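Hello,

Here is the structure I promised to pass on. Have a look at it first, and my notes follow below.

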Amino acid sequence: AEFQGNDAPHPANLNSQALDRIMAVRQTIDRDPGLMTTIAALAAEFAISPSKLKQDFAAAFGIGLGRY
């Protein structure tokens, strides 16, 4: 994935549990960037709704999950 957002998360926007979860999502994506997955599948894997996943990812990294 070509990441053009901010590399550092913005922890003030998220509580520590949400930040830990969103960092784990990003690590999952980065581990195999060629893997085609869906936001719904990632959300299910991390026990979060797709809309909350997208919201938290954008809050943490300044880029939408779909663009990442």
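Let me start at one ring: at 9% relative accessibility, tyrosine 68 counts as buried (under 20% relative accessible area, with a 1.4 Å probe and protein chains only; over 50% is exposed, and partly exposed lies in between). Phenylalanine 57 is buried too, with a relative accessible area of 0%.

Before going on, please note that this is a predicted model, where local features need pLDDT of at least 70 and side-chain atom pairs count only at pLDDT 80 or more, while totals for chains, interfaces and linings use all residues. Residues are numbered from 1 along each chain as its sequence is written, and side-chain values use heavy atoms, leaving out hydrogens and water.

The structure holds two aromatic pairs (Phe, Tyr or Trp rings, the six-membered one for Trp, with centres within 6.5 Å; planes under 30 degrees apart are stacked, over 60 edge-to-face, the rest tilted). Phenylalanine 57 and tyrosine 68 make a tilted pair, 5.2 Å centre to centre with 55° between the planes. Phenylalanine 57 lies in helix H3 (residues 50–61) and tyrosine 68 in the segment after H3, so their pair ties together parts eleven residues apart in sequence. Phe57, Phe61 and Tyr68 form one aromatic cluster.

As for the chain, it has three helices and zero strands (DSSP runs numbered from the N terminus: H or I of at least four residues for helices, E of at least two for strands). Buried residues make up 32% of its 68 residues.

Best wishes
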